[in-house]
Amino acid sequence: MLLNKDFLKLQDSYLFITIDQKVKAFMADNPNAKLIKLGIGDVTLPLAPAVIQAMHKAVEDMSKAETFKGYSSDQGYPFLQEAILGYYAKKGVELELDDIFIGDGAKSDISNMLDIFDKGSVALVPDPVYPVYVDTNIMCGRELKYLSGNQANSFLPLPDSKMKADIIYLCSPNNPTGSVYTKDQLKCWVDYALSMDALILFDSAYEIFIDDCNLPSSIYQIPGAKQCAIEICSFSKTAGFTGVRCGYTIVPKELVKKAGENESSVNAFWKRRQNTKFNGVSYITQRGAEAALSDEGFAQIKENAAYYKQNAKIISDVLTELGIWYTGGENSPYVWLKCPGGKSSWEFFDQLLREAHVVGTPGSGFGMNGDGYFRLTAFGARENVENAAKRLRHL
Ligand code: PLP
């Protein structure tokens with residue numbers, strides 16, 4: 001018996017372990033320090049009242065034989081697919097019910113999607129990047145190519161026509177950089193994918209943070225995208241479902257790729273994969289997700305997003321005052337800043353911890369191009385963010 005040796009190519013994920021060790025060591029020496037953690041990308045506000053109400057009702061449904069539910073239907077319950085369909089219609093995107101697959105979150109679908117692509121497919125990822133895109137490809141032995149995100153392109157790399165790839169990862173609003181592609185920029189990617197016969201995996205996990213109606217919150221707002229893109233989204237950051245687990249993946253039936261000698265529907269491949277390896281998301285969870293997209297629920301989750309965005313504004317206003325370069329913050333819960341004084345990401349991490357008692361995430365944890373940069377998240381209590389801003393001012 002042999003293990004998958006591709007796992008040996010994975011870099012050990014030292015980022016959060018090292019942060020944890022450094023914080024523990026600091027607290028041992030400074031037991032009275034009041035640390036403010038702006039490092040982890042996890043939501044802090046509770047579920048919206050409309051979601052809680054719907055989930056309570058769903059629990060009641062499970063208590064009666066007439067309304068009890070067993071296995072979910074294969075792509076999710078039509079009531080949630082309908083709600084997503086309506087949500088996209090408001091964005092000007094027309095979908096069909098069976099384009100939508102309900103899953104247990106974006107991370108699973110991003111990873112599992114690789115099952116349906118040819119083993120020889122080459123993946124293209126921006127650097128810095130959400131590490132899951134890289135590691136899941138390494139685990140199945142795929143070749144990766146990197147595209148440089150940097151200050152000059154505002155961490156929004158555009159396609160290089162000389163670079164050939166099959167699977168392109170795009171995340172907008174981006175984790176870790178908080179940057180958001182414009183419609184024109186996304187059009188460049190769609191045109192490139194169509195010309196290369198490549199496929200875009202568009203991660204829109206943070207779309208709720210976009211308020212600027214000129215910015216695309218779905219790749220399907222770009223003409224031609226249904227022929228070349230899969231969109232993966234989640235209720236984690238939109239509705240505070242990180243601990244509840246629900247997301248969705250859109251695979252338009254217009255998306256057709258070659259398998260062997262013949263063209264096949266990508267939707268049919270993903271459906272087959274899910275039917276075999278996935279047994280659905282709980283009824284209670286799907287009722288909660290449906291409620292998040294109702295008029296009442298949506299107003300509540302938008303209010304939560306606005307709270308985080310105000311936090312982001314407090315952080316970015318201080319950076320502006322201090323003359324520190326940053327991206328994000330405006331249509332995203334992440335602020336990505338250049339470490340002052342030419343410091344490396346870890347040097348700045350240490351300084352921030354020692355002098356301001358604030359914990360953030362070193363940009364180098366997201367790829368080589370992240371070194372010299374730093375991520376602060378807007379997830380957290382207002383009071384903490386205001387205190388962190390005061391401390392940053394006095395660095
Ligand atoms: N995509 C991005 C860019 C993320 O930052 C995250 C979580 O932090 C995910 C996907 C995973 O989301 P989920 O909780 O739906 O698995």
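This section describes the cavities, the nonpolar cores and one loop residue of a predicted model.

A search of the whole structure identified three cavities of 30 Å³ or more, and the largest cavity encloses about 70 Å³ of space. Its lining is formed by Pro 126, Asp 127, Pro 128, Gly 149, Phe 155, Leu 156, Pro 157, Leu 170, Cys 171, Asn 174, Thr 177 and Tyr 181, a set that comprises eight nonpolar, three polar and one charged residues. At least two residues of this lining are supplied by each of the strands β3 (123-127) and β5 (167-171).

The largest nonpolar core contains 61 residues, and those with the most contacts inside it are Leu 80, Ile 168, Trp 189, Ile 200, Ile 219, Phe 235 and Tyr 248. Both domain 1 (8-46 + 296-393) and domain 2 (49-294) contribute at least three residues to this core. Apart from this core lies another, of 30 residues, which includes Val 318, Cys 339, Val 359 and Leu 376. When residues up to four places away in sequence are not counted, Tyr 248 touches Ile 84, Tyr 87, Tyr 88, Ile 100, Phe 101, Ile 102, Gly 103, Asp 109, Glu 231, Ile 232, Cys 233 and Phe 235.

Ser 154 is placed in the loop between β4 (144-148) and β5. With a relative accessible area of 33%, Ser 154 falls between the limits of under 20% for buried and over 50% for exposed residues, and is therefore classed as partly exposed. Residues up to four places away in sequence again being left aside, Ser 154 touches Ser 179 and Thr 327, whereas its C-alpha atom is separated by 25 Å from that of Ile 110, which lies 44 residues apart from Ser 154 along the chain.

Conventions: Residues numbered from 1 in each chain as written. Predicted model: local features only at pLDDT ≥ 70, side-chain atom pairs only at ≥ 80, totals over all residues. Heavy atoms only, no water. 1 Å grid on protein atoms, 1.4 Å probe; cavity = no way out; pocket = protein on both sides within 12 Å on 5 of 7 lines; lining within 4 Å. Points joined across faces, edges and corners; volume = space filled by probe spheres on them. Helix = DSSP H or I, 4+ residues; strand = E, 2+ residues; numbered from the N terminus. Nonpolar A, V, L, I, M, F, W, Y, C, P; charged D, E, K, R; others polar. Core = buried A, V, L, I, M, F, W, Y, C linked by side-chain atoms within 4.5 Å. Buried < 20%, exposed > 50% of the residue type's maximum accessible area, 1.4 Å probe, protein only. Domains from an automatic or database assignment. Contact = heavy atoms within 4.5 Å.
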